[in-house]
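The exercises below concern aromatic rings, charges placed over rings, and backbone angles. Please work through each task with the structure open before reading its solution.

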Amino acid sequence: MSYVQLGIDQSLFTLTLTRIAQKNALSLEMYTELVDAFERFENDDSLKVLIIQGDAQCFCAGNDLKDFMAGGVLDESHPTVRFIRAIANCSKPVFAAVAGPAIGIGTTMLLHCDFVVAADNSRFQLPFAKLGLCPEAGSSLLLTHLAGGRIAFELLVMGQGFDAHQAERLGLVNRVCTPDDLLSLARDKALEVSRLPSDAVLASKALIRQSMQT
């Protein structure tokens, strides 16, 4: 059974996580589906903006730990690594619509998105040290770039949870809205970008990414 629902609306490509009973914890199968979806998005010139979302109550509670631990070595072929590379290297705009829990990868993937809308019921947390893990997906670099070293330490090492308004102040989130408005607001903003000249959008994203790497 697939827990990643694909949707095309005009030039928008929507990836909806539907494993709601498990709070959209990502299994290895879901990671593989997400990687395949990103490849499709990159290779289809008719698709301008990707939106990754859950529903108005749940975004992503992190990894399915049992599945993740059974997944073998985290090398280049591992679905988790492939997903992180896919979202980090995507040349086109990537949006996210966040509600409810955004834990672990549910937060770190947002650091690689270009525009993030969060409902005011969102709850973010990066409990890596508590799980005996180092921060993933370049989050130690990207979060420090956004918020500074002391805040990054508090969030990544101490695992301090934070809400949507705090995420907006940190620069992790662009807009905060009600849960009822979440998906429509994300769609409207994505459509706004999709109507811009594609070459200018792609070049601008590439330049922004380059500036963050210096």
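A residue counts as exposed when its relative accessible area is over 50%, and as buried when that area is under 20%. The model used throughout is a predicted one.

**Exercise 1.** Determine where glutamine 10 lies, what the sign of its phi is, and whether glutamine 10 is buried or exposed.

*Solution.* Begin with the position: glutamine 10 belongs to the loop between β1 (4-9) and β2 (12-17). Its relative accessible area is 53%, and because the cut-off for exposed is over 50%, glutamine 10 is exposed. Turning to the backbone, most residues other than glycine have a negative phi. Glutamine 10, however, has a positive phi, near 55°.

**Exercise 2.** Carry out the analysis of phi, place and burial for asparagine 24.

*Solution.* Phi of asparagine 24 is near 60°, a positive value in a residue that is not glycine. Asparagine 24 is found in the loop between β2 and α1. Its relative accessible area is 0%, and since buried means under 20%, asparagine 24 is buried.

**Exercise 3.** State how many aromatic pairs a search of the whole structure finds, and then classify the pair of phenylalanine 38 and phenylalanine 83.

*Solution.* The search finds five aromatic pairs. For phenylalanine 38 and phenylalanine 83, the ring centres are 6.0 Å apart and the planes stand at 75°; because planes over 60 degrees apart count as edge-to-face, this pair is edge-to-face. The pair links distant parts of the chain, with phenylalanine 38 in helix α1 (residues 28-43) and phenylalanine 83 in helix α3 (residues 79-89), 45 residues apart. Phenylalanine 38 is buried at a relative accessible area of 2%, and phenylalanine 83 is buried at 0%. Ring pairs also join Phe38 and Phe83 with Tyr31 into a cluster.

**Exercise 4.** Classify the pair of phenylalanine 95 and phenylalanine 115 as stacked or edge-to-face.

*Solution.* The centres of the two rings, those of phenylalanine 95 and phenylalanine 115, are 5.0 Å apart and their planes are at 20°; planes under 30 degrees apart count as stacked, and therefore the pair is stacked. Phenylalanine 95 lies in strand β4 (residues 94-98) and phenylalanine 115 in strand β6 (residues 115-119), so placed 20 residues apart that the pair links distant parts of the chain. Both phenylalanine 95 and phenylalanine 115 are buried.

**Exercise 5.** Identify which rings lie beneath arginine 19 and lysine 92.

*Solution.* The charged end of arginine 19 sits over the ring of tyrosine 3, at 5.8 Å from its centre. Lysine 92 lies over the face of phenylalanine 41, 4.8 Å from the ring centre.

Conventions
Residues numbered from 1 in each chain as written. Predicted model: local features only at pLDDT ≥ 70, side-chain atom pairs only at ≥ 80, totals over all residues. Heavy atoms only, no water. Phe/Tyr/Trp six-rings, centres within 6.5 Å; stacked < 30°, edge-to-face > 60°. Helix = DSSP H or I, 4+ residues; strand = E, 2+ residues; numbered from the N terminus. Buried < 20%, exposed > 50% of the residue type's maximum accessible area, 1.4 Å probe, protein only. Lys NZ or Arg CZ within 6 Å of the ring centre and 35° of its normal.
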